[in-house]
Amino acid sequence: MRKLQQGSEVETPHPLNILLTNGRFPVSIDLARQLHLAHHNVYVVDPMHYHICKFSRVVRKSYHVPAPHSDAAGYIAGVKNAILDSKIDLVIPIHEEIFYLAGCQEDEILRRLLAPPFATLIMLHNKWEFYLFLLRIGLDTPAATLCRSIEDVRALDTSKELALKPVFGRACSNVHHLVSGKPRPTSVSISADSHYIAQDWIHGARFCSYSVLRSGTIRAFAVYPVQDTIDGSSAVFFTSISHPLIRAYVERLAAALPHVTGQLALDFIETPSRLVAIECNPRATSGIHLFSRTPNLAHVLTNPGQSAEARPGHTRQLMPGMLMWAYKGQGTRAWAAHMKRLVRSKDVLFSARDVGPSLMQPFLLTSYYKICQERRMRLPEMFQWDLTWEPVGEEMESVRRRLKEEGEEPLRVEDE
């Protein structure tokens, strides 16, 4: 028997062989360590030859595979090979490679993949579809308009402050802040395959939630405010809080997904009178860090009968990101508060029992910048490019056919 942090006991199941779908993100190494604490065997695949999990003692083997963004079939074949070679029991998605895997036709992958059905994934990830879903189930969300062309953008109400972003996007990538009273952009990368959503810009406190759902119920849950960021969006400091309104919001959303099992992360904005969800990521996110150095989340991911909630006050930081925090004249108090968090919270990457990933950071950074030079990309773009899912052309048509076959409405081509 082994004890959870909350004090309850669970039977130790036979160790599972678990495959993480990339090994490059802080979430990847943190989750690998958590699964190792629960005595499971961890494996990873990644299109990079060198990544943070490759040098971790808790990862048994790293498989080098093609990048799904440029060779989806090769990536799927690489994942299938890893499953068969290491007798994998469970595949846990980390980033947008989840869409390539959930949309494949390989039973060896699908029956091990911790993810909702493909059609549900699309509905949650597509910002316009998710907006319509929230309206249908009666949850508050900013008013939005679908833009299918630059003409639609030019026609937007100039009296409104809006966030214009791709329906298939992530973080702050290609997000345009449209200010009221000013002309709308005349050049945005909108096409027949790449629609945008224009959301009312809501001013308020920002929060993120991370959940694991099983059959429409919350089994793991964490909430953290967005405080220290390196780009205005990507958080590098995480502190778990109790937020009953967000918990209730996610419970209502989960109840509307009775057949869904998988990871679900939401971005929220709260004002004195409203709590609104602005988008959803149906995959692993930084909320995983709020379970660091415990096996609690690992038990939930591997055992349908378990549940866990991040302990309020639990903090973690990504120290390299904290050191890159932009002061931007925020005042002495903001600087002092940032330094206090930097000094007092534990780093996600460093572990005295697994020092390889930390020691290899200089080598990895050199490797990353070499790739940036070869691809003529900035580091944040390069780091995600291999794994992003942005269907265009024939691939978009394939998505539409797949949704129709599964009995779901195809992606809408007009506003409702």
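This report walks through a predicted model, from one of its sheets to its cores, cysteines and a strand hairpin.

## A four-strand parallel sheet

Four strands make up an open sheet. Their order is β5-β4-β3-β6, and they pair in parallel. The edge positions belong to β5 (59-64) and β6 (90-92). Each of these two has a single partner strand, so one side of each has no neighbour in the sheet. From one strand to the next, the twist averages 25°.

One pairing can be followed in detail. Strand β4, residues 41-46, runs parallel to β5, and five bridges join them. Within this pairing, V42 has V59 of β5 as its bridge partner.

## Helices against the sheet

Two helices meet these strands. Helix α1, residues 26-37, lies across β3 (17-20), β4, β5 and β6. Its direction is at about 175° to β3.

Helix α2 covers residues 72-85 and packs on the sheet. It touches β3, β4, β5 and β6. The angle between the directions of α2 and β5 is about 150°.

## H51, in the loop after β4

Where does H51 sit? It is in the loop between β4 and β5. Is H51 buried or exposed? Its relative accessibility is 0%, so H51 counts as buried; the cut-off for buried is under 20%.

The side chain of H51 makes a polar contact with the side chain of S62, at 2.8 Å. S62 is also one of the residues that H51 touches beyond four places away in sequence. The others are G23, R24, V44, D46, L364 and Y368.

## Two nonpolar cores

In soluble globular proteins, nonpolar side chains tend to be buried together. Here the largest nonpolar core holds 52 residues. L20, L31 and L297 have the most contacts inside it. Helix α1 gives the most to this core, contributing five residues.

What does L297 touch, leaving aside residues up to four places away in sequence? Its contacts are L31, Q34, Y210, V212, A220, I288 and F291. L31 thus appears both among the best-connected core residues and among the contacts of L297.

A second core is separate from this one and has 37 residues. Among them are Y63, V65, I83 and F99.

## Cysteines without disulfides

How many disulfides does a search of the whole structure find? The count is zero. Distances show why for two of the cysteines. A disulfide needs two cysteine sulfur atoms within 2.5 Å. For C53, the closest cysteine sulfur is in C372, 19 Å away, which is too far for a bond. For C208, the closest is in C280, at 12 Å, again too far for a bond.

Both cysteines are covered. C53 has 0% relative accessibility, so it counts as buried. C208 has 12% and counts as buried too.

## Strands β11, β14 and β15

Strand β14, residues 262-270, has partners in both β11 and β15. With β11 (residues 205-214), the pairing is antiparallel and has nine bridges. There, V212 stands opposite Q263 of β14. V212 is also one of the residues that L297 touches.

β14 and β15 also run antiparallel, joined by six bridges. A hairpin of four residues connects them. Two bridge pairs can be named: E270 with L275, and L266 with C280. C280 also holds the cysteine sulfur closest to that of C208.

Both strands of the hairpin are well covered. In β14, eight of the nine residues are buried. In β15, seven of the seven are buried, so the rest of the structure largely encloses this strand.

## L275, in β15

L275 lies in β15, which spans residues 275-281. At 12% relative accessibility, L275 counts as buried. Which residues does L275 touch, apart from those up to four places away in sequence? They are D140, L245, I246, Y249, F268, I269 and E270. E270 is also the bridge partner of L275.

L275 can also be placed relative to V223. The two residues are 52 apart in sequence. In space, their C-alpha atoms are 14 Å apart.

Technical notes
Residues numbered from 1 in each chain as written. Predicted model: local features only at pLDDT ≥ 70, side-chain atom pairs only at ≥ 80, totals over all residues. Heavy atoms only, no water. Pairing = 2+ DSSP bridges. Axes fitted to C-alpha atoms, helices over the stretch in contact; angles between N-to-C directions. Contact = heavy atoms within 4.5 Å. Buried < 20%, exposed > 50% of the residue type's maximum accessible area, 1.4 Å probe, protein only. Polar contact = N/O pair within 3.5 Å; in protein donor to acceptor, adjacent residues only side chain to side chain. Core = buried A, V, L, I, M, F, W, Y, C linked by side-chain atoms within 4.5 Å.
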